[in-house]
Amino acid sequence: MQNGDHVRSDNGHSFSHPGLILPTQSVQNQIHELAKTLPPPRKQNTACDACRSRKVKCNRIPGEDKRQHCLSKNYPCTHYVQQATSEKKRSAAARRPRNISTSSSTSPVSAGSSPIAEHNTPPWLKAALGPWSSGRLQSYGGINMQSTTPTLLHHLFAAPESDSTFMFKSRSPGYATWGDMASKLEDEAFRAEFALDLVEVYFQIVHTRLPLLNPLQFRARLNLQATQQRPVIAKQDEPLHPALIATVLAWGAKFSEHPLLVADRARNGGQSLLAKALIHRTRELAESLKVHRIPNPNHVVISLLIEPLQCQDPRHDNGFHGFWLTSGIRNLLGLQINHKSVMADIKDPEARGTMIFAWWMACLADAFSSFYYRRKPMLDDDDYDIDFYTADQNTQETTDPTAPSPREQLEFLGYYRAAHALARISRTIARQLWKPSTDQDGIPLDSVLSYISDLSKWRDAHLSKVGVPPNLEANWDFVSAVSACASDAQYHVTWVALFFAMDEFGIRDDAFTPSNINQVETAKRKVMEEALQASLRIAALAGVLTSNGYLKLDPAVMHVSCINAGNLLARLGRPEVFQCIKALEQYSYAYEETKEHAREITHEYEVALQKGPNNFQEMASAIIPSSRAFHAVTMSIDALTNGNGKHHGNTYMSI
């Protein structure tokens with residue numbers, strides 16, 4: 001570890017990789033602060049009636065009842081329209097039940113308040129239990145909402161044979177399947193030390209991509225001591241949700257190189273059975289505590305963190321089926337976070353910032369995953385009235401060195417604005433692909449032409465701002481490299497996914513005129529060319545990240561791009577496919593299923609070498625380009641790689 005003010009001195013610490021600089025605690029805090037600085041919805045227009053009717057700017061003069069325009073023109077300054085609008089909104093709001101506190105003193109996730117109500121039960125805990133509990137705590141294997149952290153660790157790290165009941169008696173014999181060191185988990189002090197290591201790994205690696213938690217608050221509220229004596233958990237104003245602690249620990253186990261996990265992987269073919277058990281137990285615990293059923297800010301965060309934690313292959317029983325993502329979205333809708341008026345009423349900046357970031361994370365994930373996995377999106381454009389707004393570019397630099405600068409905030413807002421624009425395109429395509437008529441008749445030609453136009457416009461407007469820049473700094477760090485490569489690949493994989501959709505469903509042309517037939521073939525060739533260039537681009541980016549060991553630390557962000565690009569390059573018999581294969585093999589450190597994808601892509605490539613481009617259906621007519629066309633594509637990629645197209649991963653950029 002380098003520059004690690006977060007590095008602990010104990011021997012079994014955390015993740016280490018030669019030359020890799022992970023975020024320090026101060027940087028982790030900055031990432032969270034940046035994530036919650038998405039501006040709240042703009043305030044309602046308060047122009048007076050005269051200015052409103054004339055559509056001029058309404059300027060308030062300090063100390064004057066009349067506005068500037070009304071004074072200069074000697075008009076009566078009234079606000080009848082604004083009063084009527086406010087009354088209408090207040091009436092509508094009164095009819096809607098509010099499930100999230102709208103004052104800083106009672107906000108369920110407020111840091112500066114004491115939310116303990118009578119009987120020392122936090123308000124969010126009462127909401128989680130529901131009226132049917134009659135004050136009794138629901139539990140799962142002895143774990144309930146008031147369980148202490150040591151008790152939770154005692155159950156999470158139970159021996160493997162205890163999974164069916166989540167309880168255990170004699171622990172030592174079952175620990176053998178987790179490696180030689182696993183029996184140390186019987187010791188309470190060791191469990192505390194191990195848990196602290198997993199927490200640090202989570203904030204070093206996962207938090208940089210999914211900054212939903214406040215690192216300072218989480219560590220303080222966890223209040224866990226790694227000593228030779230029994231850990232002492234101080235009384236907390238608001239205890240951490242047990243399922244949230246379990247989720248953070250499960251994430252940490254995915255990436256940690258603690259000696260216990262190293263021994264576990266060595267015993268079990270490179271995969272940690274303990275990490276798998278923690279994922280399984282986290283899901284079971286979250287379900288038992290009704291995380292998926294009850295709208296609650298904690299439940300939103302837990303749901304959104306569990307989804308990418310799991311196997312990402314929808315073909316597997318425990319793979320991606322969108323359950324926890326849709327649960328998070330349902331919780332957000334239950335809290336009415338999609339309403340601008342509700343968001344504006346949340347006074348506590350910490351609570352408001354976290355919910356705004358969670359909303360956009362869920363919104364983007366829903367759109368992209370619906371397109372990739374061919375399912376109907378939960379959200380549509382008219383399901384929310386909050387949007388990204390431009391921050392004040394004239395804001396002066398803050399004196400707080402840990403706070404993000406206005407420049408960083410603007411870059412952050414620019415990224416999410418671009419991501420939202422791309423998500424809307426993906427959502428539109430996903431809704432078309434989900435229709436039964438598309439499966440039967442194909443994608444309408446007009447829709448295909450619209451998708452091509454929209455993606456081209458997005459590239460012109462956003463890619464240069466959020467993608468990988470042409471001239472890179474040699475000392476690019478982990479966060480900067482993965483973020484830029486991921487947003488770059490996010491755009492390019494859309495072309496590849498569109499190509500596969502057109503290959504599966506075909507294009508529907510109702511006119512059957514020669515001009516339309518020519519349009520169909522032109523559209524096929526255009527998408528084919530874009531998809532090939534996109535696949536080569538993704539292969540180059542994957543090669544860079546792989547060469548630096550970054551993909552073994554990626555929390556399910558780049559894997560879809562690598563799989564789709566690898567499949568297309570393999571079917572075309574392109575040697576660049578090996579960049580994607582190596583990337584997926586490195587991915588298997590944390591996501592075992594990607595090794596299977598790598599084997600399948602390798603097989604496709606071997607078949608293509610023998611039979612030529614194969615396994616294409618509706619797009620077959622666009623697959624056999626002339627050698628000149630292939631040369632042109634290669635040259636365009638060579639331009640990106642400074643003329644070294646044969647070794648994209650090593651020459652595309654230097655990190």
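Author: A residue counts as buried when its relative accessible area is under 20%. The structure discussed here is a predicted model.

Reader: What percentage of the 655 residues of the chain count as buried?

Author: The cut-off for a buried residue is a relative accessible area under 20%. Applied to the 655 residues of this chain, that rule gives a buried share of 55%.

Reader: How many helices and how many strands are there in the chain?

Author: The elements are numbered from the N terminus, and names such as H8 and H19 follow that numbering. The chain has four strands, and its helices number 25.

Reader: Which residues of the largest nonpolar core touch the most other members?

Author: The largest nonpolar core holds 163 residues. Helix H19, residues 478-505, supplies the largest share of this core, with 18 residues. A second, separate core has seven residues, among them Cys48 and Ala50. In the largest core, the residues that touch the most other members are Phe157 and Phe499.

Reader: Are H19 and H21 parallel, perpendicular or oblique to each other?

Author: Helix H21 spans residues 559-571, and its axis lies 9 Å from that of H19. The two helices pack at an angle of about 50 degrees. Angles under 35 degrees count as roughly parallel and those from 65 to 115 as roughly perpendicular, and the angle here belongs to neither range, so H19 and H21 are oblique.

Reader: In which hand does H19 pass H21, and which residues in H21 does H19 meet?

Author: H19 passes H21 in a crossing that is left-handed. On the H19 side, the residues in contact include Ala489, Val493 and Phe499. On the H21 side, they are Val560, Ser561, Asn564, Ala565, Asn567, Leu568 and Arg571.

Reader: Are Arg219 and Glu200 buried or exposed?

Author: The side chains of Arg219 and Glu200 meet in a salt bridge, with 2.9 Å from N to O. This pair links distant parts of the chain, since Arg219 is in helix H8 (residues 215-222) and Glu200 is in helix H7 (residues 188-206), 19 residues apart. Both residues of the pair are buried.

Reader: Why does Arg427 count as buried, and Asp381 as partly exposed?

Author: The side chains of Arg427 and Asp381 meet in a salt bridge of 2.4 Å, N to O. Arg427 lies in helix H16 and Asp381 in the loop between H15 and H16, so the salt bridge ties together parts that are 46 residues apart in sequence. The cut-off for buried is under 20%; because Asp381 has a relative accessibility of 32%, Asp381 counts as partly exposed. Arg427 counts as buried because its relative accessibility is 1%.

Reader: What is the N to O distance in the salt bridge of Arg424 and Asp381?

Author: Arg424 is in helix H16, residues 406-434, and Asp381 is in the loop between H15 and H16, 43 residues apart. Arg424 is partly exposed, at a relative accessible area of 37%. The side chains of Arg424 and Asp381 meet with an N to O distance of 3.1 Å.

Reader: How many salt bridges does the count come to?

Author: A salt bridge requires a side-chain nitrogen of Lys or Arg within 4 Å of a carboxyl oxygen of Asp or Glu. By this rule, the count of salt bridges is 14.

Reader: Is Leu216 buried or exposed?

Author: Leu216 is found in helix H8. Its C-alpha is 9.2 Å from that of Gln28, although the two residues are 188 apart in sequence. The relative accessible area of Leu216 is 53%, and the cut-off for the exposed class is over 50%, so Leu216 is exposed.

Methods: Residues are numbered from 1 along each chain as its sequence is written. This is a predicted model: local features need pLDDT of at least 70, side-chain atom pairs count only at pLDDT 80 or more; totals for chains, interfaces and linings use all residues. Side-chain values use heavy atoms; hydrogens and water are left out. Buried means under 20% relative accessible area, exposed over 50%, partly exposed in between (1.4 Å probe, protein chains only). A nonpolar core is a set of buried Ala, Val, Leu, Ile, Met, Phe, Trp, Tyr and Cys residues joined through side-chain atoms within 4.5 Å. Axes are lines fitted to C-alpha atoms, for helices over the stretch in contact, and angles run from 0 to 180 degrees between N-to-C directions. Angles under 35 degrees count as roughly parallel, over 145 as roughly antiparallel, 65 to 115 as roughly perpendicular and the rest as oblique. A crossing is left-handed if the near helix is turned anticlockwise from the far one by less than a right angle, and right-handed if clockwise. Contact means heavy atoms within 4.5 Å.
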